[in-house]
Every structure is written in structure tokens, then in C-alpha cells.
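Ready to get to know a new structure by working through it? Grab something to scribble with and try each task before you read its solution.

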Amino acid sequence: MNKITNDYIIGLLTNYRSNKRRAIQLAYELENRKTITPDEMLEALALSRPFGEVFHTSQLSDKTFRTALNYQAAASKENDQVKESLISSLLPLLQELDRLEHYICALDPKQYLVITRLFFDRHSQSAVAEELTCSVRTVRYLKQAAIETLVEMYQFAQSAL
């Protein structure tokens with residue numbers, strides 16, 4: 001068994017909940033990120049006016065308009081960079097979570113149950129043994145067998161690529 005891959009699988013399983021939480025957070029931030037709109041940029045460049053005074057775009061000079069366009073382009077670039085940063089963090093995380101979940105679904109039903117209860121639901125080995133009506137030693141065996149099967153799946157996928 002490849003030790004690096006074994007450690008990698010155990011790391012994925014151990015960090016599953018925190019990685020899932022990070023993915024949910026990143027997806028939310030991507031979907032609900034605050035962007036600077038062109039109107040906000042023009043309002044900000046209207047310079048300081050007394051509160052309540054009506055502002056008309058005809059009061060803007062050509063320089064202010066050109067400056068607004070430059071700031072709009074800069075704001076658009078900044079918005080795009082934030083979006084790209086979120087996407088570049090989110091996509092690999094989602095792909096790895098999806099891959100792990102897919103492979104776990106391909107395990108033997110008892111192995112699947114042991115892995116999901118121990119790593120995803122954070123149940124104790126004794127609680128899983130009670131649920132399966134078996135010994136803790138059997139749960140440890142099923143856990144190790146499941147990890148070995150996952151290692152084989154990952155190794156096969158690596159060799160196929």
C-alpha cells in the first residue's frame with residue numbers, strides 16, 4: 001500500500017467536515033459577493049455635496065466622467081479578481097470532495113457505514129459497533145479495509161490519468 005496515498009486518504013476523511021464547511025462558505029461568498037456598481041462609482045465621484053442636495057449628472061465635468069470611467073474599469077477589474085480568487089479556491093475543493101464522496105459510495109455497504117459514521121458524523125467506534133451490532137475490533141477492521149479500498153481507487157485513478 002502506498003503510504004503517501006494512505007495518509008492522503010486519511011487526511012481527506014479527517015478534514016472532510018472542515019473542507020465541506022469551507023466549500024459552503026466559499027460558494028456563499030461567490031454567490032453573494034459585494035461588487036461596486038457604475039452608479040456607486042459615479043455617486044462617489046460626485047465629490048462632497050451637502051446632505052440632501054440633489055445631484056444631476058449634467059453637473060459632472062468631462063474630467064470627472066473620464067475619471068469615473070477609469071475607476072469603473074478599476075472596480076470591474078477588482079471585482080473580477082475577487083471572483084477569480086474565490087473560484088480558484090472553490091473548484092479544486094469541490095472536485096476533491098465530490099471525488100471522495102463518489103468513491104465512498106462505491107464501498108461495501110458496511111464499509112460505507114463505518115466511514116460515514118466515523119468521519120462524517122463523528123460517531124465513536126463503540127457507537128458504530130453498537131449500530132452494526134458487532135465488536136469495536138470489527139469496526140476497526142472495516143475502517144481499515146475501507147481505507148485500503150479507497151487507496152486502491154485513488155491509485156487506479158492516478159494510473160489511468
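What follows is a set of short exercises on this predicted model, each with a worked solution.

**Exercise 1. The overall layout**

Task: Work out how many helices and strands the chain has, and what pattern they follow along the sequence.

Solution. Start by counting: the chain has seven helices and zero strands. Now read along the sequence, and you get the pattern α-α-α-α-α-α-α. Next, look at burial: 30% of the 161 residues count as buried. Finally, turn to the contacts with a separation of 6 or more: 73% of them are between residues 24 or more positions apart.

**Exercise 2. Two helices that cross**

Task: Describe how H5 and H6 cross, and say which residues meet there.

Solution. Find the two elements first: helix H5 covers residues 109-120 and helix H6 covers residues 125-132. Their axes come within 10 Å and cross at roughly 145 degrees. The handedness of this crossing is right-handed. Then list the partners. H5 brings Leu113, Val114, Arg117 and Leu118, while H6 brings Gln125, Val128, Glu131 and Leu132. Sort these contact residues by type and you end up with five nonpolar, one polar and two charged.

**Exercise 3. Aromatic pairs**

Task: Find how many aromatic pairs the structure holds, then describe the one between Tyr16 and Phe120.

Solution. The total is three aromatic pairs. To describe one, you need two values, because a pair of aromatic rings is described by the distance of the centres and the angle of the planes. For Tyr16 and Phe120, the centres are 3.7 Å apart and the planes are at 20 degrees. Planes under 30 degrees apart count as stacked, so this pair is stacked. Where do the two rings sit in the chain? Tyr16 is in helix H2 and Phe120 is in helix H5, so the pair ties together parts 104 residues apart in sequence. Check burial last, with under 20% as the cut-off: Tyr16 is buried at 9% relative accessibility, and Phe120 is buried at 15%.

Now do the pair of Tyr103 and Tyr154. This one is edge-to-face, with 4.9 Å centre to centre and 85 degrees between the planes. Tyr103 belongs to helix H4 (residues 62-105) and Tyr154 to helix H7 (residues 136-160), so the pair links distant parts of the chain, 51 residues apart. Both Tyr103 and Tyr154 are buried. To finish, look at who else joins in: ring pairs link Tyr8, Tyr103 and Tyr154 into a cluster.

**Exercise 4. Far in sequence, together in space**

Task: Say which residues Thr5 contacts once its neighbours within four places in sequence are left aside.

Solution. Thr5 sits in helix H1, residues 3-14. Its relative accessibility is 7%, so it counts as buried. Leaving those neighbours aside, Thr5 is in contact with Val151, Tyr154, Gln155 and Gln158. You've already met Tyr154 as a ring partner of Tyr103.

Two C-alpha distances follow on from this. Asn79 is in helix H4 and is buried, with a relative accessible area of 13%. Its C-alpha atom is 5.9 Å from that of Thr35, which is 44 residues away along the chain. Ala27 is in helix H2, residues 16-31, and is partly exposed at 32%. The C-alpha atoms of Ala27 and Leu91 are 9.5 Å apart, with their positions 64 residues apart along the chain.

**Exercise 5. Cysteines and disulfides**

Task: Count the disulfides, then decide whether Cys105 is buried or exposed.

Solution. A disulfide needs two cysteine sulfur atoms within 2.5 Å, and by this rule the count is zero. Cys105 has a relative accessibility of 57%, so it counts as exposed. Cys134 is partly exposed, at 26%.

**Exercise 6. Positive phi in the loops**

Task: Locate Arg122 and Thr133, and give the phi value of each.

Solution. Arg122 is in the loop between H5 and H6. Its phi is near 60 degrees, a positive value in a residue other than glycine. Arg122 is partly exposed, with a relative accessible area of 47%. Thr133 lies in the loop between H6 and H7. Thr133 isn't a glycine either, yet it has a positive phi of about 50 degrees. Its relative accessible area is 71%, so Thr133 is exposed.

Notes
Residues are numbered from 1 along each chain as its sequence is written. This is a predicted model: local features need pLDDT of at least 70, side-chain atom pairs count only at pLDDT 80 or more; totals for chains, interfaces and linings use all residues. Side-chain values use heavy atoms; hydrogens and water are left out. Axes are lines fitted to C-alpha atoms, for helices over the stretch in contact, and angles run from 0 to 180 degrees between N-to-C directions. Helices (H or I, at least four residues) and strands (E, at least two) are DSSP runs, numbered from the N terminus. A crossing is left-handed if the near helix is turned anticlockwise from the far one by less than a right angle, and right-handed if clockwise. Contact means heavy atoms within 4.5 Å. Ala, Val, Leu, Ile, Met, Phe, Trp, Tyr, Cys and Pro count as nonpolar, Asp, Glu, Lys and Arg as charged, and the others, Gly among them, as polar. Buried means under 20% relative accessible area, exposed over 50%, partly exposed in between (1.4 Å probe, protein chains only). Rings of Phe, Tyr and Trp (its six-membered ring) pair if their centres lie within 6.5 Å; planes under 30 degrees apart count as stacked, over 60 as edge-to-face and the rest as tilted.
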